[in-house]
Amino acid sequence: MKTSFPKSKIRVVLLEGIHARGRERLVEEGFTVDASARALEGEALAAAIKAGGGAHALGIRSKSGVTAGVIAPASRLLAIGCFCIGTDQVDLKAACLAGIPVFNSPFSNTRSVAELTICEIIALHRRLSDRSTQMHRGEWDKSASGAHEVRGRTLGIVGYGRIGSQVSVLAEALGMRVIYFDVRAVLPLGNARPVRTLKELLAGSDVVTVHVPDTDRTRGLIGRDELGAMKRGAHLINNARGGVVDVPALARAIRDGRLGGAAADVFPSEPAGKGDAFASELRGLENVILTPHIGGSTEEAQEAIAEDVAAKLARFINNGSTAGAVNVPEVDLPEQGMAESRGKAGGRKAERRHRILHFHRNVPGVLSKMHAAIAALGANIAAEYLQTNADIGYVVLDVDPTDARAIVERLREIPETIRVRLLW
């Protein structure tokens, strides 16, 4: 596809050891890709974006913090890809106001997290981490004390979304009873049964697993009172977000014998990278499984995430589509169409229409100003796509072959304009 800017000059910076498939996918598009295993923040991240004339796209995982201070000077940055589920590491508002879509992959590692959860349910009931530790110390203890089958036990799922519902199906296949609590009305799968309150779920479950996002409403969701409402000897699993569970309260409940064990893959404060020290009140406690935020860290999940996010970045750069963006209006666009134009000798030829991408502040009258500017140049709008959110509008114009650069310059003069980009 012919573009107004050579694809080889589109520079993409990938950080944090993103799966090789992400780089391959973007290179296949003709982009220039710089990849690194490092996580960067602050001035170091801003410098990496600025280097080489400026990055047009940035790809990160969960550790590189993209703040408003990083975004502000990145004048060439068109898009950010979070090669993971969460987007907490990006200032979404600042990116939105700069006309920079942020993409993620919310579903690609669903199965991996669900499988880890099922693994932990069985391991906690059989006290496998303790048995393994004893064996590594050279101790042989063949006792069945404290070990149980999961068949017939009740699993309580907090958050019955894509991960929670998959855990539900897998748990039923093991013979578990499943109850769940969700703030939304969610259709149960299999024989799972919804309960009306979180307290009801906690009181009725032998093991509770949490699968909710990090929001103001969910932070501290499982605290001292909630742990106290659980069955004595029950287990708690948190593979969601570190702030959802009060870790000191959980550690006390385990030390006091109130709970029989726990598994945690996420923590309120996590090391920046491999080799950094990890501290938690849960360290050293019996029947506690600690993993370093690896719920979605399988080769299959990471490859799927890399393919998904790289494809979204490429589609936005090439086509202007913001489908899948988490912070700007979503416009799912067709490919640029063709129009018939008259050549110098009077013959007709087919030419690709110009596509103009325009981010602007969402205030009344912007669209009419755009139409007036285009009409004054005698251009014909063949198609128009518009979506807005509370802060910005995103309009895409397909214009019949004309002097599109003149249109772009006119649109830049509109006071509410945030960013304009031209695709041939």
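Me: Starting with the terms: helices (H or I, at least four residues) and strands (E, at least two) are DSSP runs, numbered from the N terminus. With that in hand, where is asparagine 109 found?

Reply: This is a predicted model. Asparagine 109 touches Ile85, Gly296, Ala301 and Ile305, leaving aside residues up to four places away in sequence. As for its own place, asparagine 109 is in the loop between strand E5 (102-103) and H5.

Me: Is asparagine 109 buried or exposed?

Reply: Buried means under 20% relative accessible area. Asparagine 109 comes in at 8% relative accessibility, so the word for it is buried.

Me: Stepping back, how many helices and strands does the protein have?

Reply: The C-alpha trace spans about 95 × 45 × 35 Å along its principal axes. Of the 424 residues in the protein, 48% are buried. The count of elements is 13 helices and 18 strands.

Me: What percentage of the accessible surface belongs to carbon and sulfur atoms?

Reply: The protein's accessible surface comes to about 20000 Å². The share belonging to carbon and sulfur atoms is 51%.

Me: In what order do the seven strands of the open sheet come?

Reply: The pairing in this sheet is parallel. Strand E8 (193-194) and strand E12 (288-290) have a single partner strand each, so they stand at the edges with one side left without a neighbour in the sheet. Read across, the order is E8-E7-E6-E9-E10-E11-E12.

Me: Which helix packs on that sheet, touching E6, E9, E10, E11 and E12?

Reply: The strands it touches include strand E10 (235-238) and strand E11 (261-264). The helix direction makes about 155° with that of E10. With residues 110-126, the helix is H5.

Me: Which residue in E9 is the bridge partner of valine 158?

Reply: Strand E6 (residues 154-158) pairs with strand E9 (residues 207-210) in the parallel sense, over four bridges. In E9, the partner of valine 158 is valine 210.

Me: And which residue in E18 is the bridge partner of leucine 357?

Reply: Strand E15 (residues 354-361) and E18 run antiparallel, joined by six bridges. Strand E18 (residues 417-423) is mostly covered, with six of its seven residues buried. There, leucine 357 is partnered by arginine 421.

Me: The charged end of arginine 421 sits over a ring; which residue has that ring?

Reply: The charged end is 5.0 Å from the centre of the ring. The residue that has this ring is buried, with a relative accessible area of 2%. It is phenylalanine 316.

Me: The structure holds four aromatic pairs. What is the pair of phenylalanine 103 and phenylalanine 316: stacked, edge-to-face or tilted?

Reply: Planes under 30 degrees apart count as stacked and over 60 as edge-to-face, with the rest called tilted. Here the ring centres are 6.2 Å apart and the planes stand at 50°, so the word is tilted.

Me: How many residues apart are those two along the chain?

Reply: Phenylalanine 103 belongs to strand E5, while phenylalanine 316 belongs to helix H11 (residues 299-319). Phenylalanine 103 counts as buried, at 0% relative accessibility. The pair links distant parts of the chain, and the separation is 213 residues.

Me: What angle lies between the planes of phenylalanine 267 and phenylalanine 278?

Reply: Phenylalanine 267 is buried, with a relative accessible area of 9%, whereas phenylalanine 278 is partly exposed at 25%. Both sit in the loop between E11 and E12, eleven residues apart. Their rings are 4.8 Å centre to centre and edge-to-face, with the planes at 65°.

Me: How far from the ring centre of phenylalanine 107 is the charged end of arginine 162?

Reply: The charged end of arginine 162 sits over the ring of phenylalanine 107. The distance to the ring centre is 3.7 Å.

Me: What is the phi of arginine 127 near?

Reply: Most residues other than glycine have a negative phi. Arginine 127, in the loop between H5 and helix H6 (128-136), has a positive one. Its value is near 55°.

Me: Asparagine 287 also has a positive phi; in which loop is its place?

Reply: The phi of asparagine 287 is about 55°, although the residue is not a glycine. Asparagine 287 counts as buried, at 0% relative accessibility. Its place is in the loop between E11 and E12.

Key
Residues are numbered from 1 along each chain as its sequence is written. This is a predicted model: local features need pLDDT of at least 70, side-chain atom pairs count only at pLDDT 80 or more; totals for chains, interfaces and linings use all residues. Side-chain values use heavy atoms; hydrogens and water are left out. Two strands pair if DSSP finds at least two bridges between them. Contact means heavy atoms within 4.5 Å. Axes are lines fitted to C-alpha atoms, for helices over the stretch in contact, and angles run from 0 to 180 degrees between N-to-C directions. Buried means under 20% relative accessible area, exposed over 50%, partly exposed in between (1.4 Å probe, protein chains only). Rings of Phe, Tyr and Trp (its six-membered ring) pair if their centres lie within 6.5 Å; planes under 30 degrees apart count as stacked, over 60 as edge-to-face and the rest as tilted. A charge sits over a ring if NZ of Lys or CZ of Arg is within 6 Å of the ring centre and within 35 degrees of the ring normal. Accessible areas come from the Shrake-Rupley method with a 1.4 Å probe; for residues, only the protein chains shown count as cover.
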